[in-house]
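The following exercises are to be worked with the sequence and the 3D structure at hand. Each task is followed by a solution in steps.

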Amino acid sequence: MAGPPPDVFFDTDGGNSSATAEEEEEDGRGAVGCGSSQPPEEPARQWRDLFWLFVFVVHLLAFGSLLFLLGMNRFGKVDRFKINRFTNITAPAPSAGGGDPSSPELTEKFWPLYGAAGAVGTVLAWAWLALGSRTGLMMKVSVHILTTYLAVISVLCFWGEHFFWGVAFAVGAALQFLYVMSVLDRFTFSMLVLQKSVKMVRDLPEVMRVAYAFLFVMLGWMTLWSFGVSGVIASSMNDSVTWWLLVIFSVNLFWTGAVLCNTVHVIVSGMVFLVLIHGDRSSASMPKKPLLKSLRFAMTTSFGSICYGSLFTAAIRTLRWEIRGIRSKIGSNECLLCCVDFLFHLVETLVRFFNKYAYVQIAVNGKGFNHSARDAWELFQSTGIEALVAYDCSGAVLLMGIILGGLVTGTCSGVWTWFRKSEEVLMVGSTAILMGMVLVGLAVVVVESAVTSIYICFAEDPSLIQRWDAEFFDQMSEALHQRLQYRSARARQILMRDRFDQRSDTPSL
């Protein structure tokens, strides 16, 4: 499993990022290893997944124009661009007193509500970045409070006679509780991984500044997004049309936020990988201006791959966590186990081509997204690290923190909306939840990037982790040994059970 350090920031099309000495001589370049004092001049990277880069940019321009149009249509004047004629809905006439609920609404009535959501989400994101060293406290808050928070919101929805949302939050609370119970024994190891990851990023203050910069970029887009969404809510369209528009705009915000988060992921992964390869950020073998180099690659040649992966990775990863948690607690129910196994293998196939570890390969080698995801997964499976990756639930814990941040943001905006216009509390509250999740996600992704980089380095060359933190290396090695033993024992148990079933079905002569 050990080997020479892989070439860093080189463009390769092969399966593994490591290069042999013969290949290096043929390419006319040497490895960027720990002992090299003068890094060779690196070749230009190729642009990857250009189609998805084009789609993302066009989608951004189209949605930006539409959001501005819908916001201005109700800003300071009712139906400025006569959009109501396309919806076949006539806006109600304003009342003389101006206080009638049937009077037409304006964009500026709802825009401040989203401003409050942006402010709360920014404060929560700052808290994650500034107080990141309190990993134990963050984990306990995320894991234990989220279930209670979801249950309380469910009760409030039922009390407000919003049956659908009450059921949705109740189901969410139940799934959260079942998942936590199914992986409770894994939290000790997950805590260890999170603590070491936080230690890594705290020693790299420049990556924290990158997260702050992207947070402000996201706030800029949210300003335009909330302006347009406020115009949609203020419009005289019926509720079904309004909800569909909000769903469409929410997908836009999710994709845009995911792209920014994963751009930060690639930048931080590149920096962490370099530090682990070279032993220390102050090492003489470190390339010049590594952060700017990582930023340039992420925003140019690799940006199409980031846009592509951002569409699918989060949903597939969340589904995989839930299925794994349920699968581990089914027991001997053969019918249910068969159904869950089918879903499990389906999701595992998708994970092979869509996983978060692809972003480390993108940062290091500049490959396309599917190529990077496949190489990372094959690396884990060939070294046995996949057993440790599957056991670790640090990503799920970070996701709980993101969801909790979104719920707190949505609650603050929803309470204010309740006092201003209670009929629109669900529309404003639900979209504000997404805003909070995106903002907190931009802060959390810094830690997640360190987690993914540590696993890739441990699979590529365990001595890199041993040189960085010998005690952590011993703990990871012991955990890996235990997981491999567990899988071997489970495989033998299943094999023995199948043989027993075959003997039972064989008729006696």
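**Exercise 1. Helices α4 and α8**

Helices α4 and α8 are roughly antiparallel to each other. The model in which they are examined is a predicted one.

Task: Derive this orientation from the crossing angle of α4 and α8, then state the handedness of the crossing and the classes of the contact residues.

Solution:
- Step 1. The axes of α4 (residues 107-130) and α8 cross at roughly 160° and come within 9 Å.
- Step 2. Angles over 145 degrees count as roughly antiparallel, and α4 and α8 are therefore assigned to that class.
- Step 3. The crossing in which α4 passes α8 is right-handed.
- Step 4. Sorted by class, the residues of this contact comprise 17 nonpolar, 7 polar and no charged.

**Exercise 2. Helices α8 and α17**

Task: Describe the packing of α8 against α17 by angle, distance, handedness and contact residues.

Solution:
- Step 1. Two packed helices are described by the angle between their axes and the distance between the axes.
- Step 2. For α8 (residues 205-234) and α17 (residues 425-460), the axes come within 9 Å and the crossing angle is roughly 170°. This angle makes α8 roughly antiparallel to α17.
- Step 3. α8 passes α17 in a crossing that is right-handed.
- Step 4. On the α8 side, the contact is formed by V207, M208, A211, F214, L215, M218, L219, M222, W225 and I233. On the α17 side, M427, V428, T431, M435, V438, L439, L442 and V446 take part.
- Step 5. The contact of α8 with α17 contains 17 nonpolar residues, 1 polar residue and no charged residues.

**Exercise 3. The nonpolar core**

Task: Identify which residues touch the most other members of the largest nonpolar core, and which helix gives the most to this core.

Solution:
- Step 1. The largest nonpolar core has 129 residues, of which M218, W225, L253, F380 and Y455 touch the most other members.
- Step 2. The helix that gives the most to this core is α17, with 23 residues.
- Step 3. M218 may be followed further. Apart from neighbours within four places in sequence, M218 is in contact with L253, T256, G257, L260, V438, L439 and L442. Among these partners, V438, L439 and L442 also belong to the α17 side of the contact with α8.

**Exercise 4. The chain as a whole**

Task: State how many helices and strands the protein chain has, what share of its residues is buried, and what share of its contacts is long in sequence.

Solution:
- Step 1. The protein chain has 19 helices and 0 strands.
- Step 2. Of its 509 residues, 51% are buried.
- Step 3. Contacts between residues at least 6 apart in sequence are considered next, and 80% of them join residues at least 24 apart.

**Exercise 5. S372 and M72 within helices**

Task: Locate S372 and M72, and list their contacts beyond four places in sequence.

Solution:
- Step 1. S372 lies in helix α14 (residues 369-383). Its relative accessible area is 0%, so S372 is buried.
- Step 2. Outside its neighbours up to four places away, S372 touches A358, Q361, I362 and K367.
- Step 3. M72 is placed in helix α2 (residues 50-73). Leaving out residues within four places in sequence, its contacts are R80, F81 and F227.
- Step 4. M72 and T107 are 35 residues apart along the chain, with 7.7 Å between their C-alpha atoms.

**Exercise 6. Residues in loops**

Task: Are P104, D185, D49 and K289 buried, partly exposed or exposed?

Solution:
- Step 1. P104 is in the loop between α3 (84-87) and α4. With 19% relative accessibility, P104 counts as buried, since buried means under 20%. P104 and S236 are 132 residues apart in sequence, yet 7.2 Å separates their C-alpha atoms.
- Step 2. D185 belongs to the loop between α6 (163-182) and α7 (187-202). A relative accessible area of 54% makes D185 exposed. From D185 to Y391 the C-alpha distance is 9.8 Å, across 206 residues in sequence.
- Step 3. D49 occupies the loop between α1 (21-27) and α2 and is partly exposed at 25% relative accessible area.
- Step 4. K289 sits in the loop between α9 (239-278) and α10 (290-299) and is exposed at 61% relative accessibility.
- Step 5. Most residues other than glycine have a negative phi. D49, which is not a glycine, has a positive phi of about 50°. K289 likewise has a positive phi, near 50°.

Notes:
Residues are numbered from 1 along each chain as its sequence is written. This is a predicted model: local features need pLDDT of at least 70, side-chain atom pairs count only at pLDDT 80 or more; totals for chains, interfaces and linings use all residues. Side-chain values use heavy atoms; hydrogens and water are left out. Axes are lines fitted to C-alpha atoms, for helices over the stretch in contact, and angles run from 0 to 180 degrees between N-to-C directions. Helices (H or I, at least four residues) and strands (E, at least two) are DSSP runs, numbered from the N terminus. Angles under 35 degrees count as roughly parallel, over 145 as roughly antiparallel, 65 to 115 as roughly perpendicular and the rest as oblique. A crossing is left-handed if the near helix is turned anticlockwise from the far one by less than a right angle, and right-handed if clockwise. Contact means heavy atoms within 4.5 Å. Ala, Val, Leu, Ile, Met, Phe, Trp, Tyr, Cys and Pro count as nonpolar, Asp, Glu, Lys and Arg as charged, and the others, Gly among them, as polar. A nonpolar core is a set of buried Ala, Val, Leu, Ile, Met, Phe, Trp, Tyr and Cys residues joined through side-chain atoms within 4.5 Å. Buried means under 20% relative accessible area, exposed over 50%, partly exposed in between (1.4 Å probe, protein chains only).
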